[in-house]
Amino acid sequence: MTPGAFAVVATTREVLDAPGLGPHLLAPWERRRLSAIRVPSRHDDVLAARLLLRLCAARLTGRPPAATGLAQRCPDCGRDGHGRPYLADRPGLGVSLAHADGLVAAAAGPGPVGVDVEPAARRPGPLPVLRRVLPGPDLDEALARPDPGPSLLRAWVRAEARFKAGPPSPEAARHLAEWTDHRRGAVAAAVAGTPPSLLPPSAVLGVRPAGA
């Protein structure tokens, strides 16, 4: 039975320090893209996010992390290798990933899903960009507060999670959940067809990948 939607938030180091994880679990096209990243911290964030995505896909499908059939396709140009991730042979399931300055997140579940994570101390902006990205009510509510920064950040991650999940379908419900992870200094949100739950990193990092 396929589990309901879930998300995992972790630090980049938590993922990269877990036994058995590394670039060998990625597809050749992913490793080529990874090798082109010259900033070490960004390289590590991207690697950790893709590994966490594979572990979440493995939990969802019951397959080994290296055999989940993860792929990417750009909805704008129609080309593979970038854009929204998906499971090539499981069209009814959705996956998503995010990374930001030492933090990573991944989500998986039935139907389209989206996830985003940001450092809790970050403040999005400038205002013209926020007006283009954030829903009007969210923006107005945040700006009415004495310190709008935290509310703007939460609105930002909600908007990013919704965007990554894709356009809503009239016949399918979408559920939003958001969290503040004080231990990791992270704010995260996930959108899915079933109410997404937040799992601790140990729920996926504690399973040693087959063949590692």
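Here is a chat about how the strands and helices of this predicted model are described.

Me: Before we start, what should I know about the model and its numbering?
Reply: It's a predicted model, where local features need pLDDT of at least 70, side-chain atom pairs count only at pLDDT 80 or more, and totals for chains, interfaces and linings use all residues. Residues are numbered from 1 along each chain as its sequence is written, and side-chain values use heavy atoms, with hydrogens and water left out.

Me: What does pLDDT say about the protein chain?
Reply: pLDDT is the predictor's confidence in each residue, from 0 to 100. The protein chain averages 90, and 94% of the residues score at least 70. Among its elements, strand S2 (residues 70-73) has the lowest mean, 82, and strand S6 (residues 114-119) has the highest, 98.

Me: How do you know that S1 and S5 are paired?
Reply: Two strands pair if DSSP finds at least two bridges between them. A strand here is a DSSP run of E with at least two residues; a helix is a run of H or I with at least four, and both are numbered from the N terminus. Strand S1 (residues 6-11) and strand S5 (residues 103-110) are joined by six bridges and run antiparallel, so they pass the pairing rule. For instance, Phe-6 has Ala-108 in S5 as its bridge partner.

Me: What makes S4 and S9 edge strands?
Reply: The open sheet runs in the order S4-S5-S1-S9, with mixed pairing. Strand S4 (93-100) and strand S9 (197-199) each have a single partner strand, so one side of each has no neighbour in the sheet. On average, neighbouring strands of this sheet are turned by 20 degrees against each other, direction ignored.

Me: Which strands does helix H3 touch?
Reply: H3 (residues 40-61) packs on that sheet and touches S1, S4, S5 and S9. Touching is a matter of contact, meaning heavy atoms within 4.5 Å.

Me: Why is H5 called roughly antiparallel to H6?
Reply: Axes are lines fitted to C-alpha atoms, for helices over the stretch in contact, and angles run from 0 to 180 degrees between N-to-C directions. Angles under 35 degrees count as roughly parallel, over 145 as roughly antiparallel, 65 to 115 as roughly perpendicular and the rest as oblique. Helix H5 (residues 136-143) and helix H6 (residues 149-165) pack at about 165 degrees, with their axes 9 Å apart. That angle is why H5 is roughly antiparallel to H6.

Me: Which residues of H5 and H6 meet?
Reply: From H5 come Asp-138, Leu-139, Ala-142 and Leu-143, and from H6 come Ser-151, Leu-152, Ala-155, Arg-158 and Arg-162. By class, that contact has five nonpolar, one polar and three charged residues.

Me: Why does H2 get the antiparallel label with H3 too?
Reply: Helix H2 (residues 28-35) and H3 pack at about 160 degrees, with axes 10 Å apart. That angle makes H2 roughly antiparallel to H3. On the H2 side the contact is made by Trp-29, Glu-30, Arg-33 and Leu-34, and on the H3 side by His-43, Val-46, Leu-47, Arg-50 and Arg-54.

Me: How do you know that S7 and S8 pair?
Reply: S7 and strand S8 (residues 186-192) share seven bridges in the antiparallel sense, so the rule for pairing is met. Trp-179 stands opposite Ala-188 in S8. Their open sheet has the order S6-S8-S7 with antiparallel pairing, and its edge strands are S6 and S7 (175-181), each pairing on one side only. H6 lies across S6, S7 and S8, running at about 150 degrees to S6.

Technical notes
Ala, Val, Leu, Ile, Met, Phe, Trp, Tyr, Cys and Pro count as nonpolar, Asp, Glu, Lys and Arg as charged, and the others, Gly among them, as polar.
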